[in-house]
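Work through the exercises below with the model open beside you. Try each task before reading its solution.

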2 protein chains.
Amino acid sequence: MMRKHLIGLLAMVASLAMAGPAFADDPLRSWNDGASKTAILSFVERVTDKNSPDYVPAPERIATFDNDGTLWSEQPMYFQLMYTLDQVKAMAPEHPEWQTTEPFASVLRGDMNGVAAAGEKGLMQLLAATHSGMTTTEFSQQVSDWIATKRHPTSGRLLTDMIFQPMLELLSYLRDNGFKTYIVSGGGIEFMRPWTEAVYGIPPEQVVGSSLKMKYEVGDDGIPRIMKLPELNLNDDKDGKPVGIQGHIGRRPIFAGGNSDGDFQMLEWTTSGDGARFGLLIHHTDAEREWAYDRDSSFGKLDRGLDEAPGRGWIVVDMKRDWNTVFPKQ
Amino acid sequence: MMRKHLIGLLAMVASLAMAGPAFADDPLRSWNDGASKTAILSFVERVTDKNSPDYVPAPERIATFDNDGTLWSEQPMYFQLMYTLDQVKAMAPEHPEWQTTEPFASVLRGDMNGVAAAGEKGLMQLLAATHSGMTTTEFSQQVSDWIATKRHPTSGRLLTDMIFQPMLELLSYLRDNGFKTYIVSGGGIEFMRPWTEAVYGIPPEQVVGSSLKMKYEVGDDGIPRIMKLPELNLNDDKDGKPVGIQGHIGRRPIFAGGNSDGDFQMLEWTTSGDGARFGLLIHHTDAEREWAYDRDSSFGKLDRGLDEAPGRGWIVVDMKRDWNTVFPKQ
């Protein structure tokens with residue numbers, strides 16, 4: 001009797017241990033209970049359960065996430081734009097002509113209206129000056145050096161601490177369930193790759209982003225190098241996201257997460273495939289802990305997505321309501 | 001005493017079991033003992049042994065392989081060229097004008113000299129006609145249908161059986177040792193992806209190749225699709241291979257295998273990185289079991305590579321001498 005009781009107890013303990021974190025612990029602990037969290041958990045259960053009609057074999061469990069505004073903040077401006085402005089300032093001593101040439105002069109005066117007035121053409125000039133003309137190795141080093149110490153202008157946190165704890169948990173939860181997680185961002189692919197593995201657990205080969213053309217050459221020193229050229233290769237935004245996904249991954253994702261109308265086509269492409277699909281939009285509703293913006297924002301404008309999400313079955317995450325934590329504890 | 005003996009025996013059995021296939025079995029059984037095989041085994045041991053000065057952490061163990069002539073045959077012509085010619089013939093009834101328009105007319109007459117005379121421009125016309133103007137899904141289906149039954153003109157084997165057994169073993173051996181194996185081919189990325197996972201164990205997202213530009217659009221039927229456009233995006237050959245590697249993988253490989261001068265820059269880029277590196281060239285020396293060709297071949301010309309391999313420390317695999325089996329047993 002005593003022995004039977006002990007064996008029963010041991011079996012119970014063993015089954016608890018085997019159920020793992022999902023039972024003993026909450027894999028999405030920064031997500032409040034509610035429709036968003038329930039939808040995620042239910043989707044993952046359905047596509048991983050071999051007896052479910054929605055079962056998806058592991059190799060096809062591709063999940064793609066936007067970066068700016070989806071995995072980390074994007075206010076008061078895209079962080080890569082901060083990098084661009086900082087680089088222009090750092091390079092200015094070697095470019096005296098920039099003092100009187102737009103859009104560089106506006107950057108050096110700290111006149112953001114002047115930068116904005118230069119429009120898309122001006123932005124491309126700034127990008128070309130700071131993102132091309134060096135080797136991929138040099139660029140990677142420059143980004144690594146900058147991001148190691150760069151702090152956010154209002155929070156004072158390192159930029160790599162301006163990431164969303166609930167999204168880190170979602171990435172881990174998906175990976176623990178056999179998903180391959182990708183970034184598919186309008187941001188620069190070479191700007192993200194130096195740090196995404198350490199920060200998000202996403203290796204360089206699973207980062208898709210906007211890119212410049214490149215050229216392989218052997219230098220006069222006999223050393224091979226890959227030069228970054230001042231010419232756009234892929235604008236990985238809007239219509240460009242499904243193209244970037246097809247080019248890099250070659251499979252249609254079954255899960256896509258974004259936060260702006262730049263992600264619309266990625267979610268549309270993802271969720272229009274056969275079988276179970278998941279579209280997720282982060283709605284920035286929390287002016288106190290992060291920022292509140294949507295239809296009228298210069299960065300991360302979310303308008304069409306908000307209108308069409310319900311009809312398309314996309315889950316809109318209300319940051320204020322759905323997340324009990326925004327940034328990782330420090 | 002007896003008990004101690006038994007425990008010792010058990011420990012021995014356990015250690016044998018743990019040593020795994022590398023001990024109990026030969027992971028490269030289609031490779032004859034010799035310098036090539038020894039170099040491969042020694043390299044993999046050095047980069048995977050934590051106590052070796054050449055140790056490389058698993059995420060950085062990237063291995064890239066050319067496809068045509070490296071993983072499968074490329075004679076009497078690239079298999080993708082066979083596909084192109086077959087497609088022109090299949091599409092001809094809808095294009096009566098091709099009967100009198102070069103290079104199509106030559107294809108339809110079976111006049112390969114005429115096709116060759118049309119040069120690179122003619123080839124691009126044939127590629128545009130057969131590889132663009134459809135969705136990525138349609139193209140993938142066309143390739144899958146064709147390759148399921150297409151037999152090699154001289155061997156009579158399915159093309160997917162014209163693969164090299166020793167290279168299959170090498171791919172598996174590398175993966176078993178924590179490598180991520182990629183194809184980096186001058187061939188079309190979308191032409192390879194439908195079948196590389198089944199044939200080589202290499203998933204679509206680990207295939208890099210030449211590509212056409214693509215366009216995302218929503219059809220009149222409301223269904224999103226990605227169209228293949230008749231414009232080259234990347235020529236993933238020669239200088240283009242390191243560019244394709246950087247664009248897709250974002251890390252420099254530590255192991256690269258090829259067979260022609262189109263692979264020269266990939267091997268150069270790979271083996272000029274810091275630390276232990278491996279460059280491998282397949283030399284087609286076996287006219288009896290496969291083909292013998294190098295410096296003067298129209299397909300898979302190997303000239304500079306042969307000259308420079310010794311000085312660069314690249315291993316040249318002599319197919320006739322180094323491989324005891326060429327194709328998988330049927």
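The exercises cover the interface of the two chains, then the sheets.

This is a predicted model, so local features need pLDDT of at least 70 and side-chain atom pairs pLDDT 80 or more, while totals for chains, interfaces and linings use all residues. Residues are numbered from 1 along each chain as its sequence is written, chains are lettered from A and ligands numbered from 1 in the order in which they are written, and side-chain values use heavy atoms, without hydrogens and water.

**Exercise 1. Describe the contact of chain B and chain A.**

Step 1. Count the residues. Chain B gives 35 residues and chain A gives 35 residues. Contact means heavy atoms within 4.5 Å.

Step 2. Take the area. The two chains bury about 2800 Å² between them, 52% of it on carbon and sulfur atoms. Buried area is the accessible area (1.4 Å probe) that two parts lose on being put together, summed over both.

Step 3. Find the main contributors on chain B. B:Glu205, B:Tyr216 and B:Gln246 supply 23% of the area that chain B buries against chain A, more than any other three residues.

**Exercise 2. How many salt bridges cross the interface of chain B and chain A?**

Step 1. Apply the rule: a side-chain nitrogen of Lys or Arg within 4 Å of a carboxyl oxygen of Asp or Glu.

Step 2. Count. The rule finds 6 salt bridges.

Step 3. Inspect one of them. A:Lys180 pairs with B:Glu205, the closest N and O atoms being 2.8 Å apart.

**Exercise 3. Give the strand order of the open sheet in chain A and account for its edges.**

Step 1. Assign strands as DSSP runs (E, at least two residues); helices are H or I runs of at least four, and both are numbered from the N terminus. Strands pair if DSSP finds at least two bridges between them.

Step 2. Read the order. The 7 strands run 4-3-2-1-5-6-7, with mixed pairing.

Step 3. Check the edges. Strand 4 (224–234) and strand 7 (315–318) of chain A each have a single partner strand, so one side of each is left without a neighbour in the sheet.

Step 4. Look at one pair. Strand 1 (residues 62–65) and strand 2 (residues 180–188) of chain A run parallel, joined by 4 bridges. Here A:Phe65 stands opposite A:Ile183.

**Exercise 4. Which way do strand 3 and strand 4 of chain B run, parallel or antiparallel?**

Step 1. Compare directions. The two strands run antiparallel, with 7 bridges.

Step 2. Locate a facing pair. B:Tyr216 stands opposite B:Ile226 in strand 4 of chain B.

Step 3. Examine the turn. This hairpin has 5 residues between the strands, and B:Gly222 takes a positive phi near 80°.
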